[in-house]
Amino acid sequence: MPDLATVKAALAAQRIETPSWAYGNSGTRFKVFAQPGVPRTPREKLDDAARVHEHTGVAPTVALHIPWDRVDDYAALAAYARERGLGLGAINSNVFQDDDYKLGSVTNPDPAVRRKALGHLLECVDIMDATGSRDLKLWFSDGTNYPGQDDLHARQDRLAEALAAVYERLGDDQRMLLEYKFFEPAFYATDVPDWGTAYAHCLKLGPKAQVVVDTGHHAPGTNIEFIVALLLRERKLGGFDFNSRFYADDDLMVGAADPFQLFRIMYEVVRGGGLGDEIAFMLDQCHNIEAKIPAIIRSVMNVQEATAKALLVDAKALRDAQLAGDVLGANAVLMDAFNTDVRPLLAEVRTEAGLHPDPMAAYRASGWQEHIVADRVGGTQAGWGA
Ligand code: LRH
Ligand code: MN
Ligand code: MN
């Protein structure tokens, strides 16, 4: 059996980054349901993120989305975060919201639009310099809706050119994480639709270019843990955008739709030695109908629970069964870990770290929700799904 002290140490050391946009109002293209007390500024988003970290102890960084979190002084924002025990995490670029990007951003047939998009990506690296962020997250909505609309081959060339320019601009300690998504908003062909495309570009670029796996960005039935295992083996897994899905890019709470899948993913992370700092474990979610801060706390806990179960897999018993060709025995080892109730173990880890054993209860008792509802009027939209 795995050594319990080692398991606990790994759980205590785990870090999960929360996204600034999950704190703001969001919705679908049909309706944004405004909630009372949501943040009106990036600073207020950090105030809320500080609560998540205070109660979970494992969420010390916040990802920003530019321009949703545009401020005049990013170094001052980073200092504000630090004063609250937080750091600023990945900078998420946004080249999907301008009219100019109707036919694409960095793959647009018009060189002027491509220059504008590249300018934004380079500006994001400037912001990273100011915030001290390590990772630039790149997601391109670029693609085409109709066969023949544009040259698929040429679009890859344009993409490669832009990525190379961004790569060139990165500092020694900075990385770019290339995210893929199989469809939406483009419906015929997306320019970075899958891990293979992202991997091919990252491989050519070099070690500072890594693939990010957004769990909601795959076709139904895709074996995501296989992708994770493969990228880890190739040392090309840069991070996760965690969320869960029933149908497409649903952005629901991670581990809510399919906790077994999350466990299988985390098992491959553990098996591949990926539970350290090199991989960014980020949430990328929107809480449209549920209360935001508790939903983020719940999401962090879901990742912790999946991780705890993955750490509890008896590696030796599993290997013995695998080598003996014991199909049912090997499967049983994995299922035993998955079926373990790890909540008491996590409660213990929290208590040992000086935290309340139940972060949800601690948040409810803290009075923060009542405070923000009374204090904040006119919360802002996340910028997403408007
Ligand atoms: C795209 C995506 C990407 C964006 C975020 C808001 O669907 O996953 O990561 O930056 O949503
Ligand atoms: Mn994402
Ligand atoms: Mn998404």
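Colleague: Let us start with the ligand. Which of the nine residues around ligand 1 come nearest?

Modeller: In this predicted model, the nearest of the nine are N92, W139, D214, D249 and D284. Sorted by class, the shell around ligand 1 consists of six charged residues, two nonpolar residues and one polar residue.

Colleague: How should I read the overall build of the protein chain, and how many helices and strands are there?

Modeller: The protein chain holds 15 helices and ten strands. Its radius of gyration is 21 Å, close to the 21 Å that the globule rule gives for 386 residues, so the chain is as compact as a globular protein of that length. The C-alpha trace spans about 60 × 60 × 40 Å along its principal axes.

Colleague: What percentage of the 386 residues counts as buried?

Modeller: The share is 47%. The contacts add to this picture: among those in the protein chain with a separation of 6 or more, 79% are made by residues 24 or more positions apart.

Colleague: How do I read a sheet, and in what order do the eight strands of the open sheet stand?

Modeller: The general idea comes first. Backbone hydrogen bonds pair the strands of a sheet, and the pairing may be parallel or antiparallel. In this structure the order of the open sheet is β1-β2-β3-β4-β6-β8-β9-β10, and the pairing is parallel. At the edges are β1 and β10 (residues 280–283), each of which pairs on one side only.

Colleague: I should like to follow one strand in detail. With which strands does β6 pair?

Modeller: One partner is β4 (residues 135–138), which pairs with β6 in the parallel sense over four bridges. The other is β8 (residues 209–214), also parallel to β6 and also joined over four bridges. Individual bridges can be traced residue by residue. L136 has M176 of β6 as its bridge partner, and K137 has L177. Towards β8, L178 stands opposite V211.

Colleague: Why is β6 described as largely enclosed by the rest of the structure?

Modeller: A residue counts as buried when 20 or more other C-beta atoms lie within 10 Å of its own C-beta atom. Strand β6 covers residues 175–179, and five of its five residues are buried, so the strand is largely enclosed by the rest of the structure. Both faces are covered: R175, L177 and E179 are buried on one side, as are M176 and L178 on the other.

Colleague: Which helix lies across β2 and β3, and at what angle does the helix run to β3?

Modeller: The helix is α4 (residues 74–83), which lies across β2 (61–65) and β3 (87–92) and runs at about 135° to β3.

Colleague: Where should I look for cis peptide bonds?

Modeller: The value to inspect is the omega angle of the bond. From I66 to P67 the peptide bond is cis, with omega near 20°; P67 belongs to the loop between β2 and α4. Another cis bond joins E184 and P185, where omega is about 10°. P185 is placed in the loop between β6 and β7 (189–190).

Colleague: Next, the backbone angle phi. What is notable about the phi of R235?

Modeller: The angle is near 55°, a positive value in a residue other than glycine. R235 sits in the loop between α8 (224–233) and β9 (237–242). D251, likewise not a glycine, has a positive phi of about 60°. That residue is in the loop between β9 and α9 (259–271).

Colleague: Are these residues buried or exposed?

Modeller: R235 has 12 C-beta neighbours inside 10 Å and so counts as exposed. D251, by contrast, has 25 other C-beta atoms within 10 Å and is therefore buried.

Colleague: Finally, how can a residue in a loop be related to distant parts of the chain? Where does R15 lie?

Modeller: R15 is part of the loop between α1 (4–13) and β1 (18–19). With 18 other C-beta atoms within 10 Å, R15 is partly exposed. Once neighbours within four places in sequence are set aside, the contacts of R15 are V58, P60 and F281. G57 is 42 residues away from R15 along the chain, yet their C-alpha atoms are separated by 8.6 Å.

Terms used: Residues are numbered from 1 along each chain as its sequence is written. Chains are lettered from A and ligands numbered from 1 in the order in which they are written. This is a predicted model: local features need pLDDT of at least 70, side-chain atom pairs count only at pLDDT 80 or more; totals for chains, interfaces and linings use all residues. Helices (H or I, at least four residues) and strands (E, at least two) are DSSP runs, numbered from the N terminus. Two strands pair if DSSP finds at least two bridges between them. The radius of gyration is taken over C-alpha atoms; the globule rule is 2.2 Å times the number of residues to the power 0.38. Two residues are in contact if their C-beta atoms, placed from the backbone, lie within 7 Å. A residue is near a molecule or strand if its C-beta atom, placed from the backbone, lies within 6 Å of it. Ala, Val, Leu, Ile, Met, Phe, Trp, Tyr, Cys and Pro count as nonpolar, Asp, Glu, Lys and Arg as charged, and the others, Gly among them, as polar. Axes are lines fitted to C-alpha atoms, for helices over the stretch in contact, and angles run from 0 to 180 degrees between N-to-C directions.
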